Amino acid sequence: MSEDISAELVLPRERCGELLELVVKKGYRLIGPKLEQGAIVFGPLRGVDDLPEGWTDEQSPGRYRAVRRSDASLFGYAAGPRSLRRFFQLPDVELVVLRRGQDGPRLDYGSGDTRPIALIGARGCDLRALAIQDQVLARGAYPDPRYVARRANTLVIAVQCTEPSGSCFCTSMGAGPRAELGFDLALTEVVDAERHHFVVEVGSERGRELVAELALALAAPRLSSEARERVAGAAARMGRRFEEAAVHDALLANLEHPEWDRLGERCLSCTNCTLVCPTCFCTTSEDRIDLTGDVVERHVRHDSCFSEEFSHLHGGSARASIRSRYRQWLTHKFATWYDQFGSSGCVGCGRCITSCPVGIDVTQEISVIGGEPCKLNP
Amino acid sequence: MLEFERDPWRVESLRVTRVTRETEDTFTIELDAKPRAGFVFQPGQFNMLYAFGVGESAISIAGSADEPERLVHTVRAVGAVTNALAKAKQGERIGVRGPFGHGFPIAEARGKDLLLIAGGIGLAPLRPVILYAIQHRPEFRSVTLIYGARSPKDLLYPRELLSWASRLRLETTVDRAEDDWFGHTGVVTKFIEGALQNPESTVAMMCGPEVMMRFAARELTTLGVPEKSIFVSTERNMKCGVGLCGHCQLGPFLLCRDGPTFSYDRIGPLLSIREL
């Protein structure tokens, strides 16, 4: 369908608000980009005015700055520090409440807020990350019913990426910049001195209903091809590239490479990379007891493989050194994820590179550890 | 509404019917699993045991698979959860989720020599295999158990060991003996060669410290037992037991989902990489 240019429509900038209002009217919660504490992050939106109009970002290893643009783009930025993970696999979920009773505790299971979510401005990399998390949390022998319930009926209004950051490498991971699948509508923003339009691709029946209700006009072929050029331009501006197909074997053949020692010295084990990564899924469970000792809340919350207790077993941690924890994280994302779940665990969004306080660049490290087959920008 | 019928986090609250102290820090808990309609398990599978208000721990099932309504676990009190479980009394309740993971492939050993090697508390996950082998003895050409512990007072199931001795070949060994000890001393690997009759048609199942399993596997393969016929039970930190929490990774495997039992040709190379 995305190849069928004639199917594309045009949404003028001034009608963006109408689209979001229509989505809200249909019962969805809006999750989209907004400027918050100096960064463009995903969060609940009230409407179109919450979008980061006229903002972009500058990113490089260890550095993020939200800065003003010279135009009024609504989606003119790259992946921010908050991914979509937290809206589907909540950072902290109450599993069950236990109350002391005569014959053992009474157990009450909660279900939480599961009104459907409409994702506004998800990129190709964000959608690939959701597909990867679906594979882990919803497609195994034991799906997580809380995740499945929150993911059900997610409406996706994607925005094709025209603005890669200095940390991005989605082209290497086959995850972008174009979103090919997994959206109901995909917008491409075309903005210059005279115009501000969105070219709209329809990806589902639900999407078709939305554009029908808005009675959008067909996009002129020239506008459509201009939109495509902007996305292609983003691909061409991607700062780094490597041969992803070679990484699995190259990393696993070099588990004792001296670079792991250097990484063990540089890495602070701060967990930032696992907090910003859109595919990280690890959790831990814990009991929280009230002061009387009669009521216990059992929670599942996000966890990080960089903490020492993550692999704790009687007698100590299986991965006591930072070197081993870094090796676990990198080899999991880029190699053993294939063995466990059938795909890479990385989408090339670059969040881990930008958020690393010491500026560790995973693409650089892969090229050092994997050697010739993984060298950067071949 | 929501599909919480098959919620893998849902806990069953089961009554403790008996608690037996095994050694200084190890005890056996029996739970009444009759309320869990249709509960069945394979020898080598585990449950998540939940001490209410404290947390969960992954514990192998140590009872007979022919008698699954008597749910038996042998636990070593080493952390907050297992110490809380150790305090459980008859009539109290413990939370259970499971059974999870893949058990030992007993069918692979039919018609062959079955060699079981256990170290310390590693005897507990093998106990369902032992009970099965005794109950179904004609299915196997021979059944041998080599069991090692630190000292005589660290031996699990001491009375049962005596009764097993008449039904299978049993070699019990300790690291440190005392005057009243009539068994062997030394590591379990010393007794492998003497126990092997037909290496190429022997199936070995092991559970114990990783270092023990590595040396025992090396001895077995040196003596001609194929790596594919050696099965080990592995252990890592587990939080969910069902492949959702990520804690029990070992290279390409999630031990709860892909294990905890593995054939040695698959898991052996990973066990020799430090801190993997």
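A residue is called buried when its relative accessible area is under 20%, exposed when it is over 50%, and partly exposed in between (1.4 Å probe, protein chains only). By this rule, buried residues make up 60% of the 276 residues in chain B. The structure is a predicted model, in which local features need pLDDT of at least 70 and side-chain atom pairs count only at pLDDT 80 or more, while totals for chains, interfaces and linings use all residues. Residues are numbered from 1 along each chain as its sequence is written, chains are lettered from A in the order in which they are written, and side-chain values use heavy atoms, with hydrogens and water left out.

Chain B is a good place to start. It contains seven helices and 15 strands (DSSP runs numbered from the N terminus, helices being H or I with at least four residues and strands E with at least two). The C-alpha trace of chain B spans about 60 × 45 × 40 Å along its principal axes. The radius of gyration of chain B is 18 Å, which agrees with the value near 19 Å for a compact globule of 276 residues; the radius is taken over C-alpha atoms, and the globule rule is 2.2 Å times the number of residues to the power 0.38. Of the contacts in chain B (heavy atoms within 4.5 Å) with a separation of 6 or more, 70% are between residues 24 or more positions apart.

We turn next to the interface. Chain A brings 49 residues to the contact and chain B brings 42 residues. Together they bury about 3800 Å², 55% of it on carbon and sulfur atoms; buried area is the accessible area (1.4 Å probe) that two parts lose on being put together, summed over both. A:Tyr109, A:Tyr142 and A:Gln340 supply 17% of the area that chain A buries against chain B, more than any other three residues.

Polar chemistry also features across this interface, with 26 residue pairs in polar contact, both at pLDDT 80 or more. A polar contact is a pair of N or O atoms within 3.5 Å; within protein, one must be able to donate a hydrogen and the other to accept it, and residues adjacent in sequence count only if both atoms are side-chain atoms. Among the elements of chain A that each supply at least two residues to the side touching chain B are strand S6 (92–99), helix H3 (124–137) and helix H11 (322–341). H11(A) gives the most, with eight residues.

Four salt bridges are counted between chain A and chain B (a side-chain nitrogen of Lys or Arg within 4 Å of a carboxyl oxygen of Asp or Glu). The side chains of A:Asp103 and B:Arg15 meet in a salt bridge at 2.9 Å, N to O. Over all chains, the whole structure holds 50 salt bridges.

Within chain A, A:Arg82 and A:Glu36 form a salt bridge with their closest N and O atoms 3.0 Å apart. This pair links distant parts of the chain, 46 residues apart, with A:Glu36 in strand S2 (residues 29–36) of chain A. A:Arg82 counts as partly exposed because its relative accessibility is 21%, and A:Glu36 is partly exposed at 26%. In chain B, B:Asp25 forms a salt bridge with B:Arg76, the closest N and O atoms being 3.8 Å apart. B:Arg76 lies in strand S5 (residues 70–76) of chain B, 51 residues from B:Asp25.
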